[in-house]
Amino acid sequence: MSVPVILNIYDMYWINQYTSVLGIGVYHSGVEIFNREFAYGGHQFPFSGIFEISPRDTTDLGETFRFKQSIVLGMTDFTQNDVERIVDQLGKEFRGCAYHLMHKNCNHFSSALTGK
């Protein structure tokens with residue numbers, strides 16, 4: 001059974017209210033599969049920075065985030081267990097202490113998880 005793989009994009013509106021006039025913005029992304037959304041963020045510890053939230057729910061992200069849009073990237077035949085194994089494996093690369101705003105952020109994680 002195929003399920004959709006969805007990229008959820010969040011506007012960091014407190015920054016973007018200034019940068020949008022320049023045609024640029026700062027966005028957070030997460031990947032929704034099986035009604036679970038996986039994302040990546042930084043912390044000071046050498047273990048996974050990948051976390052899970054309810055899809056499109058900004059409560060855990062904080063008040064500076066606002067849901068912007070969802071993009072269906074395609075379908076997958078992976079099972080939930082397959083997805084969990086992939087996320088666990090990516091957690092070795094996407095450790096919290098490895099987060100970098102420009103070089104290893106949530107958008108890089110979303111790209112790695114989706115193979116895009």
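This section describes the overall fold of a predicted model of one protein chain and the surroundings of selected residues.

The protein chain contains three helices and five strands. Read from the N terminus, these elements follow the order β-α-β-β-β-β-α-α. For 116 residues, a compact globule would be expected to have a radius of gyration near 13 Å, and the value for the protein chain, 14 Å, agrees with this. Along the principal axes, the C-alpha atoms of the protein chain fill a box of roughly 45 × 30 × 25 Å.

Of the 116 residues, 37% count as buried. The accessible surface of the protein chain amounts to about 7000 Å², and carbon and sulfur atoms contribute 56% of that area. Among contacts in the protein chain with a separation of 6 or more, 66% are made by residues 24 or more positions apart. The chain carries 9 positive and 12 negative charges, and the mean positions of the two sets lie 6 Å apart.

Val5 belongs to strand E1, which covers residues 3–11. Its relative accessible area is 11%, under the 20% limit, and Val5 is therefore classed as buried. When neighbours within four places in sequence are left aside, Val5 is in contact with Val31, Glu32, Ile33, Ile71, Val72, Leu73, Gly74, Met75, Thr76 and Thr114. The C-alpha atom of Val5 is separated by 11 Å from that of Gly30, a residue 25 positions away along the chain.

Thr19 is located in helix H1, which spans residues 13–19. With a relative accessibility of 16%, Thr19 also counts as buried, because this value is under 20%. The side chain of Thr19 takes part in a polar contact of 3.3 Å with the side chain of Asn16. A polar atom of the Thr19 side chain also lies 3.2 Å from the backbone oxygen of Ile24. Ile24 appears again, together with Gly25, as a contact of Thr19 when neighbours within four places in sequence are excluded.

The loop between strand E2 (27–33) and strand E3 (36–40) includes Phe34. Asn35 is placed in the loop between E2 and E3 as well. Phe34 is not a glycine, yet its phi is positive, at about 55°. Asn35, likewise a residue other than glycine, has a positive phi near 60°. As for accessibility, Phe34 has a relative accessible area of 23% and is partly exposed, whereas Asn35 reaches 57% and counts as exposed. The latter assignment follows because the value for Asn35 is over 50%.

Gln80 lies in helix H2, comprising residues 80–93. Its relative accessibility of 39% places Gln80 in the partly exposed class. Apart from neighbours within four places in sequence, the contacts of Gln80 are with Phe34 and Arg36. Gln80 of helix H2 is thus in contact with Phe34, a residue of the loop between E2 and E3. Gln80 and Arg36 are 44 residues apart along the chain, and their C-alpha atoms are separated by 9.7 Å.

Notes:
Residues numbered from 1 in each chain as written. Predicted model: local features only at pLDDT ≥ 70, side-chain atom pairs only at ≥ 80, totals over all residues. Heavy atoms only, no water. Helix = DSSP H or I, 4+ residues; strand = E, 2+ residues; numbered from the N terminus. Rg over C-alpha atoms; globule rule 2.2 N^0.38 Å. Buried < 20%, exposed > 50% of the residue type's maximum accessible area, 1.4 Å probe, protein only. Contact = heavy atoms within 4.5 Å. Areas by Shrake-Rupley, 256 points an atom, 1.4 Å probe, with all protein chains shown as cover. Lys, Arg positive; Asp, Glu negative; His and termini not counted. Charge placed at Lys NZ, Arg CZ, Asp CG, Glu CD. Polar contact = N/O pair within 3.5 Å; in protein donor to acceptor, adjacent residues only side chain to side chain.
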